[in-house]
Amino acid sequence: MPSLSVFGAQWGDEGKGKIIDLLARDVDLVVRYQGGANAGHTVVVGGEKYVLHLVPSGVLHPDKINVIANGVAVDPAGLLAEIDGLRARGVEVSERNLRLSSNAHLIFEHHRRIDHLSEKWLGAGRIGTTGRGIGPAYADKAARVGLRVADLLDAERCRARLGAAMVEKNAVLERVYEVAPLGLEAELERALAIGERLRPCVGDTGAELRAAYRDGRRILFEGAQGAMLDIDHGTYPYVTSSNTGTAGIPAGAGFPPSWIDDAIGIAKAYCTRVGEGPFPSEERGARGQAIRDAGDEYGATTGRPRRCGWFDAVAVRYALALNGARRWVMTNLDVLSGFEEIPVATAYRVGERALAEYPAELTTLDGCRPVFESRPGWSEAIGAARRFEELPANARAYVEWVEERVGAEIVMLSVGPEREQVILRSEL
Ligand code: IMP
């Protein structure tokens with residue numbers, strides 16, 4: 001397919017980094033179009049672990065072009081640190097293989113501070129954000145007071161816009177949150193210096209992507225977070241501040257919707273969530289901890305322990321429908337080795353009412369109880385399996401049963417963190 005959307009079909013952390021890294025072999029460009037450094041895509045290559053926050057996963061393949069499109073919220077200092085970190089490990093990151101949209105919005109220190117402080121004020125109602133300033137930066141974008149990458153390349157314009165923004169932000173910091181204000185000059189100097197270093201990579205990435213598609217080049221759109229964290233369709237207000245799936249591509253990358261040729265969802269064989277908010281199939285007891293231990297379920301960005309639970313067929317069905325995906329990849333199947341039985345949420349119950357489909361209203365989801373059906377587990381480690389037939393019979397039966405419940409084909413299984421630890425079930 002000339003263009004492909006790969007998106008998270010749960011609450012983020014579905015193992016997208018590894019799958020995108022694999023799929024990147026067959027494309028020419030890899031594009032991030034939403035989110036920011038709240039994402040943490042982990043890729044293990046030859047025993048070496050790379051955690052990418054802003055730079056698209058295609059960077060680990062020398063011949064790919066990686067695009068940070070206009071819909072991404074870019075922390076310029078973080079981006080530069082990530083680029084330098086990759087270069088220090090021998091990975092090429094240059095204007096040749098990294099393109100940055102001049103229209104992408106920027107995250108500054110005041111966004112991070114306000115992110116932390118507003119969470120504190122929300123108290124029990126907090127969202128549990130990553131603290132990376134994502135929400136406040138997107139809020140400024142919508143309020144039309146944000147700065148964009150192009151502003152970093154014009155000192156006068158940057159001074160005027162950052163100066164104006166900081167008058168207001170400092171007033172909020174001092175008078176609402178009662179903390180010390182930030183200094184404009186230091187912030188400005190830092191921003192302009194970073195802008196100069198990023199300048200060679202900056203361009204009109206929308207035009208570049210449209211030209212690439214017209215030239216028949218293959219494009220992979222790398223979603224960050226997951227469908228259930230989508231600002232419009234997720235478990236609002238416990239969501240991130242962008243459209244996390246295929247619907248986010250046209251606006252977030254300047255790419256015509258009718259040019260998105262295919263979509264593939266990624267979901268774990270179980271389920272996790274970081275931060276607050278509803279999670280119907282959550283397993284709070286010892287079995288939840290067992291999943292956390294086996295899956296090393298700690299945030300790649302914040303190190304927070306992830307909440308763990310069982311596969312939720314209702315949520316994944318909803319995510320695939322929302323994204324128009326008929327195929328998906330099941331990751332982390334190896335983590336389920338050793339459970340005697342494996343519950344799966346196949347419906348929800350609200351009072352006496354059974355819901356087969358996802359109810360998009362939070363008030364309903366809040367009171368939702370999962371209806372679990374259990375499958376027998378398996379004890380063998382499966383990390384060495386490369387063909388479906390090599391899996392224990394119960395693991396095969398689990399996969400096929402979940403596939404039927406979701407009603408969409410599982411094209412690939414991931415059975416470990418390494419690039420080669422996959423089972424391909426049909427052509428991608
Ligand atoms: P924010 O995106 O930092 O504003 O956080 C909003 C919500 O999205 C919080 O519950 C975060 O834990 C969650 N979130 C943001 N990015 C990720 C991610 O990459 N993986 C999983 N959860 C995320």
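The following exchange takes up how some features of this predicted model are defined and assigned.

Author: In this predicted model, local features need pLDDT of at least 70, side-chain atom pairs count only at pLDDT 80 or more, and totals for chains, interfaces and linings use all residues. Residues are numbered from 1 along each chain as its sequence is written, and side-chain values use heavy atoms, with hydrogens and water left out.

Reader: Why is the pair Arg-126 and Glu-276 called a salt bridge?

Author: The rule asks for a side-chain nitrogen of Lys or Arg within 4 Å of a carboxyl oxygen of Asp or Glu. The closest N and O atoms of Arg-126 and Glu-276 are 3.5 Å apart. The pair therefore meets the rule. By this rule the count comes to 32 salt bridges.

Reader: What makes Asp-13 and Arg-306 a link between distant parts of the chain?

Author: They are 293 residues apart. Asp-13 sits in the loop between strand 1 (3-8) and helix 1 (16-23). Arg-306 sits in the loop between helix 10 (286-295) and strand 13 (307-312). Helices (H or I, at least four residues) and strands (E, at least two) are DSSP runs, numbered from the N terminus. The closest N and O atoms of this salt bridge are 3.2 Å apart.

Reader: How is the packing of helix 3 and helix 4 described?

Author: Helix 3 (residues 109-122) and helix 4 (residues 134-142) pack at about 115°, with axes 7 Å apart. Axes are lines fitted to C-alpha atoms, for helices over the stretch in contact, and angles run from 0 to 180 degrees between N-to-C directions.

Reader: Which residues of helix 3 and helix 4 meet?

Author: His-111, Ile-114 and Asp-115 in helix 3 meet Ile-134, Pro-136, Ala-137 and Asp-140 in helix 4. Contact means heavy atoms within 4.5 Å.

Reader: What joins domain 2 (105-198) and domain 3 (267-424)?

Author: The bounds come from an automatic or database domain assignment. The two domains bury about 440 Å² between them, 45% of it on carbon and sulfur atoms. Buried area is the accessible area (1.4 Å probe) that two parts lose on being put together, summed over both. The count between these domains is 1 salt bridge.

Reader: What makes Gln-225 and Pro-237 worth listing?

Author: Most residues other than glycine have a negative phi, and most peptide bonds are trans. Phi of Gln-225 is near 55°, a positive value. A cis peptide bond joins Tyr-236 and Pro-237, with omega about 5°.
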